[in-house]
Amino acid sequence: MQQREVLEQTGEKILTNIKTQLYVSMRFFGSALDMLRYEMDLSTTTIGTDAVSIRYNPNFLLRTFVEDPKTLCRTYVHILMHCIFRHMFTAKEKEDPELWDLACDIAAESVIDTMEYPIIQDPVREYRAGICDSLREKAGVLTAERIYQALLSERPDYSEQCRMAAEFRLDDHSFWQRMESGNDTPPQLPEEKAKGAPPHARIRNLTEEEWKKIAGRVKAEVTNVGREAGKNPGSLSWTLDFALRRRTDYREFLRRFTVVREEAGIDMDSFDYAYYTYGMQLYGNMPLIEENEFREAKKVEELVIAIDTSESVSNGLVQKFLNETADLLFSGDSFFHKVEIHILQCDDRIRQDTKITDVEQMRRYADGFEVLGGGGTDYRPVFAYVEELERRHVLKNLRGLLYFTDGYGVYPKRATPYDTAFVFRKDGDNDDTRVPGWALKLYV
C-alpha cells in the first residue's frame, strides 16, 4: 500500500471518529454532517472546506487528534458553521477579504461559545469575551455581515487584526478563494508529484441554496433539542433564524396583488408593423392596420398598508419603511394611474385611514407622515375594519394587505380571503414567531 493511501485512510478514520462523536452529542447537526466528505490536500497546512469536502493536511490532523481531540471536534463544528451560515458564498463581494475572513470566524466562534456541550466547550477567555461584547453593542446579532460592517467602520490596526485572527481562526479559508476564482484544481505541490499523487479533485461547491435548506433542517432539529432537558444549543437557533431571513423584492411580491384591465396606451405587442408598412406603400397614406389604442395591463389597483404605531415601534423605523414603500410605488409602472390605497395607522385601535388615489398624493403623504398612537398592539382592529370596507363596497377588488410591525401584538385567528403579509425590518428587534400560518412574513 502506498504512503498516500495510508495517510488518506488514517485521515478518514480520524474524521469519521470525530463525526461519530458529534452525531451522538449534537445530533441536530446530522443533516450537515452528512453533506461533507473528506479529501486529503497537501496545499494546506491545517484544515478547511470548499463547501463539499473537509480538506485536510494529514500531519496536522494526526497531531491534533493525538494532542488535543477536543480542539479537532470544535474545529469540525466551526467548519459546519461556515457552511450552514454560507460564509464562503458571499466572500467574493467583499472589498477586504481578510476582514471578511475574520468576521466569519468571529461569527462562528461566538455561536459555539454559547453551546453547552462538553465535546466542544472551552472556557471563554476575557479578551475574546470583550471583543464579542463590543461587537454586540455595535452590531446586535453577531452575523458575519454585521461583524464585517462593524469592523470596517472602526478598522482595527494590523497588529490587533492579527491578534483577533489568532484568537478566532481554526480553519483555512483559502479554499473559498479558489471557489470564487473558478479554478478547477489547486496547483499540485512538488512533494505530491514526487509521490505520484493524482491531481486534486475538482474544487466545486454545493449551491448556496442547498446549504440554506440544510440550515433550515438544522434549525428545526435545534428547536426540538431545545425542548429536551439538559440540552442547550445556545444562540444557534436564534442566529440561524436571523440568517435565514431574506430581503424580499417588493415588486415581485406586489405581483400577487395585480389585476388585469385595459388602459389607454399603444400596445406594440399586438401591432404588426409589416402590415402597416405595406399599406402605406400601396395606398400612400392608408395603413392596413393601425395601432391598438388600448392595451391589457397587469398592475396593482387596490392595496391596504397597515402601520403598527404602538409604543414599541419607533417613528424612525416607520418612516424608513414608508419611504422604501413609497420609492417602490413611484418607480416603474407597478400601479394604474388611479389607484385606491388605504394607509391605516393602528395600535390597539384604528387611529387614521388615509386614502391614496395617485402616486403624487402618496409622495406628499410620505413626506409629511406623522405617527399617531403609542398604545399597545392589537392587529385585529385592522382586519375588522378592512372587512367592513369590503362589506360597504369601498374596497371592491382587494388583493393584499401589508402590515408593518415588530411582531409584538395580538394576531387574528381567521385567515383572510386576500394575501396578508406581516413586514418586519430585517435588522430590527422583532418577534415573528407568532405570525399565523396563513400569513406571509417579509423582511425589508
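This is a guided tour of a predicted model, stop by stop, with what to select and what is found there.

**The whole chain**

Start with everything shown. The chain has 444 residues, and 48% of them count as buried. Colour by secondary structure to see 17 helices and 10 strands. If you turn on a surface, its accessible area comes to about 22300 Å², and carbon and sulfur atoms account for 48% of that. Contacts reach far along the sequence: among those between residues at least 6 apart, 71% join residues at least 24 apart.

**The largest nonpolar core**

In soluble globular proteins, nonpolar side chains tend to be buried together. Select Phe 29, Met 81, Ile 84 and Leu 236, which touch the most other members of the largest nonpolar core, a set of 69 residues. Next add helix α5, residues 97–112, which supplies the largest share of this core with 10 residues.

Now centre on Phe 29. Its relative accessible area is 0%, so Phe 29 is buried. Leaving aside residues up to four places away in sequence, show what Phe 29 touches: Val 77, Leu 80, Met 81, Ile 84, Met 115, Val 218 and Leu 236.

**Rings around Phe 28**

The structure holds 11 aromatic pairs. For one of them, select Phe 28 and Phe 29: the ring centres are 4.8 Å apart and the planes stand at 50°, so this pair is tilted. Phe 28 has a relative accessible area of 1% and is buried.

Keep Phe 28 and add Tyr 117. Here the ring centres lie 5.9 Å apart with the planes at 65°, so the pair is edge-to-face. Which parts of the chain does this pair tie together? Phe 28 is in the loop between α1 (3–25) and α2 (30–33), while Tyr 117 is in the loop between α5 and α6 (126–139), so the joined parts are 89 residues apart in sequence. Tyr 117 is buried, as is Phe 28.

**Val 124**

Stay in the loop between α5 and α6 and select Val 124. Is Val 124 buried or partly exposed? Its relative accessible area is 41%, and because buried means under 20% and exposed over 50%, Val 124 counts as partly exposed. Beyond residues up to four places away in sequence, Val 124 touches Asp 113 and Ala 129. The C-alpha atoms of Val 124 and Asp 113 are 6.9 Å apart, with their positions 11 residues apart in sequence.

**Helix α7**

Move to helix α7, residues 144–153, and show the side chains of Ala 144, Arg 146, Ile 147, Tyr 148, Ala 150 and Leu 151, the buried residues of this helix. Then show α5, α6, α8 (158–168) and α12 (236–244), against which these buried residues pack.

**Two charges over rings**

Select Arg 163 with Tyr 127: the charged end of Arg 163 sits over the ring, 3.7 Å from its centre. Then select Lys 94 with Trp 100, where Lys 94 lies over the ring face at 4.6 Å from the centre.

**A second core and strand β8**

Apart from the largest core lies another one. Select Leu 389, Leu 401, Tyr 403 and Phe 422, which are among the 20 residues of a core separate from the largest.

Then show strand β8, residues 400–404. Why is this strand described as largely enclosed by the rest of the structure? Five of its five residues are buried, so β8 has that description. Turn the strand to see both faces covered: Gly 400, Leu 402 and Phe 404 are buried on one side, Leu 401 and Tyr 403 on the other. Add strand β9, residues 419–424, which pairs with β8 in the parallel sense over five bridges. Within β9, Thr 420 is the bridge partner of Leu 401.

**Val 386 and a cluster of rings**

From Leu 401, go to Val 386 in helix α17, residues 380–391. Val 386 has 0% relative accessibility and so counts as buried. Val 386 and Leu 401 are 15 residues apart in sequence, with their C-alpha atoms 9.3 Å apart. Beyond residues up to four places away in sequence, Val 386 touches Val 304, Leu 344, Leu 395, Leu 398, Leu 401 and Tyr 418.

For the last stop, select Tyr 379, Phe 383, Tyr 403, Tyr 411, Phe 422 and Trp 438, which form one aromatic cluster.

Technical notes: Residues are numbered from 1 along each chain as its sequence is written. This is a predicted model: local features need pLDDT of at least 70, side-chain atom pairs count only at pLDDT 80 or more; totals for chains, interfaces and linings use all residues. Side-chain values use heavy atoms; hydrogens and water are left out. A nonpolar core is a set of buried Ala, Val, Leu, Ile, Met, Phe, Trp, Tyr and Cys residues joined through side-chain atoms within 4.5 Å. Buried means under 20% relative accessible area, exposed over 50%, partly exposed in between (1.4 Å probe, protein chains only). Helices (H or I, at least four residues) and strands (E, at least two) are DSSP runs, numbered from the N terminus. Contact means heavy atoms within 4.5 Å. Two strands pair if DSSP finds at least two bridges between them. Accessible areas come from the Shrake-Rupley method with a 1.4 Å probe; for residues, only the protein chains shown count as cover. Rings of Phe, Tyr and Trp (its six-membered ring) pair if their centres lie within 6.5 Å; planes under 30 degrees apart count as stacked, over 60 as edge-to-face and the rest as tilted. A charge sits over a ring if NZ of Lys or CZ of Arg is within 6 Å of the ring centre and within 35 degrees of the ring normal.
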